Structure formats: C-alpha cells, structure tokens
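User: I have a model open and want the reasoning behind some of its labels. Take me through them briefly.

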Amino acid sequence: MRWNKVFSKTGMLAVMLVVIGIGIFFYERQYCGAEQPARYETQQLRQVITADSKTSRTIMWQTAAPESDAWVEYRLQGGQDIQKTAAQGKEFATDAGTVYQQSVTLTGLEPASVYEYRAGSGKEFSDWHTLQTDGGGAFSALIFGDSQSLDYNVWRQTASAAYANDKAAAFFINMGDLVDNGEQYSQWRSWFRGASGLLPQIPVAPISGNHENYSLQWKPYKGDLYLTLFDLPLNGPEGLQKQAYSYDYGEVHFAVIDTQLEELKDWQPDLVARQVKWLENDLAASNKKWKVVLVHRSLFRYQDGKPNELGAALLPVLDRSNVDVVFSAHIHTYGRTAPFKNGNVAGQGTVYISSGRSGDKTWAGSRAKPQEVVFDNVLDQPNYMKLTADSHKLTVTSLKQDGKLIDTMTLTK
C-alpha cells in the first residue's frame, strides 16, 4: 500500500515533467524557433513625413529579431505592377532590450495618387495598406498637443476619435512630449499602439518636446531614441537634422524648430542661434501660399505674455517672413491669439495657437495670456485640432475628444 502510493506519486510526477517538457519543446518551436514568423512580424508599422509628399514617403517598422533582407512592396491602387525597395536595417539598445528596426524611403511616386504597400520580408509581411501622395491642392491634417500620459489609452481614444471624424486627413502632427519619458521604450510602444489606427495609413510629422529629452533618471538627455524612431527630413541646420526640419503639403510650408534649449544646453548651447538663420532662409525659399511654424515651447512668457528668450530670437524672423500661424504645445491648454506683429496685437500678423493636450496629463494652473482671444484649459477632456488649407483659405478648428467645438479660425488671402 505504501509503495503503491510512492509509485503513484512518482509516476504522476514523471508524467507531469514529461508534459511540461513537451510543452516547452513545442513553445520553443512555435515562438522561438528561427523559422517562426512571429519573430519577423511587422510591428509598429508607420508612415513618416518627407520633405516632398508629392513624390516620396518613408515607411518604418520593427521586428522581434534581426532581419537582413527586408523590403517594401508597393503598387498603384488596383494595379498589378508591384515594385520593391530594400529596407535599411538598424538595431539599437533600449532599457527593454535590443530593438530591430527597418526603414525605407520610397521615391519617384506619382503625385495625387493612391498606392498600396506592404512591408516585411520573405518570412513575414504586413497587410496591404494605403498610401496617398500630395496632389498640391486642398487637404486637411490633424494636430495633437502633448500625448504624454500615465494611461496611453486616453491618447488612443483621442487619436482614434480624431481620425474617425476626418478619414480624409492627409497626415498628422504631434506637437512634442509624445511620451512622458523619452528614454523609456515601453512608453514608445504605448504611444505607437495608441496611434496604430493612423500610422499605417497616413504619415506622422512629430516634433521633439522636453520630455523626449529626459533620461530614465529624469536628467537632461539628447533625445536619441526619438531621433532614431523617426527618420525625418534631413534638411535642417547642420548638426541639428531631424530636430529642425521642414516639409510641404498642398499650399502650406511647415517648418519645425527645436525649442529644448534648457535640456540640450550641455550638448547644443547655441541651439536657438543655429536655427534662426536656417529658419529665415527656409521660409524665404518657399513659394507656398501659407507658412506655418511648429514649436513645442511657447515663444511668450506665461505670466505676462511678453516674448521669452525663444521669442526674442524668433519673432523678428516670423514677422519678416510673414508667417501665418505658429503652433506650440507644452502647457496642455488651448489658446489662440489675435494677429500679432512687432510685439503687439495688429490687424495683420501671425496668429499663435497653443495646441492643448491629447493625453491624460493636465496643467490646472494655466491661464490665458493677454493677447489670447480664446482660451480653454481642457481639464475636462483632451482635445485635438484640424487644419484645412487650399490656395485661398486656411482654417484651424479645435475640438474636444467627444467632438464638442472649442474654437475655429479662418484666414484668407
């Protein structure tokens, strides 16, 4: 009786070990084997803005394993002629381990055309997605204020609601502070998941915020992870490529300025000065009807509305260049000024818009600046903006996540 019990227990243990061993064997075959497609599944697939959206587009993605032979296949929508462009692979270390990334810039595309594309390799491909090139005419774009969050489901809900209400949007802008900590890769995964309904379909045009320049220890950080995750246009000032850049869409010229002088002072003490001349030359070279400048930090002091250090350097350039709109972020509130020129409210001048927030973090202490004619601290829910433009009219509309109107403004020429 006693031996039977011992044998029974021993036998049961042996059977359990065999079952566990078989399970581990098949798990490794299914999920860890070299031939397993999941290792090469296309993750975080995204379109990224290029300087000329009429003829080019950048496609990027990650895989769980290194891939030396990846590419993008694309064709005109409904066509049979599939073209193929090889990807450039890169691997880099993060706090969550090594990331394997692929990037392709498609060139020679036809303007005003809809393409289908898929990304991957012979081992695994993404689904087919659409890619639409700029036709030079009227378009709309979505603009999101700070998406940094504790719960990135709020960012997902804002992005999803905005895109559901404007499926014709050509691209979207994220105004900086995409994540709360720029060196923490898990937050980037959350940001990508939040925008997964948009990124494969329309390009992102991101801006670096101060939170992209914080390390895991919350110290100043060069923002390498942000700059690696987005292969942005390289037409910015020498040494500041991808931090500052510009691009065209329709009749609008967009210029991005890096305003993180506090976080980057140890690496780039002349950050603002190096961008001033570039911005003036960049704006002067554009023949587009509308000029828009994008900054993360405001150019005005919050306490009295006077130009701050950034504003003192940049406002004269904006005035001389007849910039139509400057968008900023950082304070998680929505505000719009009257036209502003030579340091004063004017009949004709630049309109400055603080973009609000698209994530869950709020600034309860924010208040309107003296030159703002509309102000909303968007504490009750996040917001987003929609920009529409053609050769005669540019309209900016700000909406809460549920679609409630905050403000709308139209400029005409």
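User: Which residue in S8 does Tyr117 stand opposite?
Analyst: His129. Bear in mind that this model is predicted.

User: What makes S7 and S8 a pair?
Analyst: Two strands count as paired if there are at least two bridges between them. Strand S7 (residues 114-121) and S8 have four bridges, in the antiparallel sense. Therefore they pass the cut-off of at least two.

User: Why do S4 and S8 count as edge strands?
Analyst: The open sheet runs S4-S3-S7-S8, with antiparallel pairing. Strand S4 (83-86) and strand S8 (129-132) each have a single partner strand, so one side of each lacks a neighbour in the sheet. Neighbouring strands here are turned by 35 degrees against each other on average, direction ignored.

User: What makes the largest empty space a cavity?
Analyst: In a cavity, a 1.4 Å probe fits but cannot get out. A search of the whole structure finds two cavities of 30 Å³ or more. The largest has a volume of about 100 Å³. Of its 13 lining residues, the closest to the centre are Ser298, Phe300, Ser328, Tyr352 and Lys369.

User: Which strand gives the most to that lining?
Analyst: S19, with three residues. By class, the lining of the largest cavity has six nonpolar, five polar and two charged residues.

User: How do you know that the second largest cavity belongs in the count?
Analyst: Its volume is about 40 Å³, and the count takes cavities of 30 Å³ or more. Its lining includes Ser208, Lys222, Tyr226 and Asp258. That lining has three nonpolar, four polar and two charged residues.

Conventions: Residues numbered from 1 in each chain as written. Predicted model: local features only at pLDDT ≥ 70, side-chain atom pairs only at ≥ 80, totals over all residues. Heavy atoms only, no water. Axes fitted to C-alpha atoms, helices over the stretch in contact; angles between N-to-C directions. 1 Å grid on protein atoms, 1.4 Å probe; cavity = no way out; pocket = protein on both sides within 12 Å on 5 of 7 lines; lining within 4 Å. Points joined across faces, edges and corners; volume = space filled by probe spheres on them. Nonpolar A, V, L, I, M, F, W, Y, C, P; charged D, E, K, R; others polar.
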